[in-house]
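The questions below ask how certain descriptive terms apply to one protein model. Each reply sets a value against its definition.

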Amino acid sequence: MSGVLLAGGAAAALFASAFSAQGVSSTPDVPPEKIQISVNTVNGSGCPKGTAAVAVAGDNTAFTVTYSDYLAQVGPSSNPTDIRKNCQLNLGVHVPQGFTYAIAQVDYRGYGSLQKGAKGTEKASYYFQGSSDTASRTHEFSGPYNDNWQTTDSTEYSALVWAPCGQDRNFNINTELRVSAGTSATGTTSFMAMDSTDGGANTIYHLAWKECP
């Protein structure tokens, strides 16, 4: 199926292992100076204060967003508002001079437990500050399901939306998880979580780079 910047320590080790598994490698266009990303604002029921963080790959090929309290659920012990959780991140991105970047691919990971007849939805969009170009994708899941899940959104090079050259534009990420009981048995619980039972990095934004004119 388909703000403070974290660096060093467990986050760095986790991030490095995730990228090794993904097989991501550097390209000749990647700038040698490290990109800097800070979390300006965090809003949403899926990312209470202190539960979302960002880390940048050492080779500038990507960055991750990790969540520690992002779960939507439906069932007898759930509140009505628990069926939908969302998170809006506003990231400050400083790009080395002479380069611009675009989001070429995003890998979302999590864990889902959906009873027979229940439905789950993962939705995400992202855009640069001041831009009318918004990339948005939605993925649906159906029960019975009880396992890790992963979705991948890729963009062809010719369709990439590039950050403006010579300007530091904030990058906005909006994500959503939703669960519906559907025709599942009364008294059962279903949920979708934007994290992983094995502790792996859950959302990876792969970067494409090019030199500015």
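Q: Which residue in S9 does Glu 122 stand opposite?
A: Glu 122 stands opposite His 139 in S9. The model is predicted, so local features need pLDDT of at least 70 and side-chain atom pairs count only at pLDDT 80 or more, while totals for chains, interfaces and linings use all residues. Residues are numbered from 1 along each chain as its sequence is written, and side-chain values use heavy atoms, with hydrogens and water left out.

Q: What makes S8 and S9 paired strands?
A: Strands are DSSP runs of E with at least two residues, numbered from the N terminus. Two of them pair if DSSP finds at least two bridges between them. Eight bridges join strand S8 (residues 119-128) to S9, so the definition is met. The two run antiparallel, and they form a hairpin with six residues between them. Gly 130 in the turn has a positive phi of about 80°.

Q: How do you know that S8 pairs with strand S11?
A: Ten bridges link S8 and S11 (residues 171-180) in the antiparallel sense, and the requirement is at least two, so they pair. Gly 120 stands opposite Val 179 in S11.

Q: Why are S2 and S9 said to stand at the edges?
A: The open sheet has five strands in the order S2-S6-S11-S8-S9, with antiparallel pairing. Strand S2 (36-43) and strand S9 (135-142) each have a single partner strand, so one side of each is left without a neighbour in the sheet.

Q: Why is Asn 90 called buried?
A: Buried means under 20% relative accessible area, exposed over 50%, and partly exposed in between, using a 1.4 Å probe and protein chains only. Asn 90 has a relative accessible area of 14%, so it is buried. Asn 90 is found in strand S6 (residues 84-94). Contact means heavy atoms within 4.5 Å; not counting residues up to four places away in sequence, Asn 90 touches residues including Ser 38, Thr 41 and Phe 171.

Q: What makes a set of residues a nonpolar core?
A: The set must consist of buried Ala, Val, Leu, Ile, Met, Phe, Trp, Tyr and Cys residues joined through side-chain atoms within 4.5 Å. The largest such core here has 41 residues, and Ile 103 is among those with the most contacts inside it. Strand S7 (residues 99-114) gives the most to this core, with six residues.

Note on methods
Helices (H or I, at least four residues) and strands (E, at least two) are DSSP runs, numbered from the N terminus.
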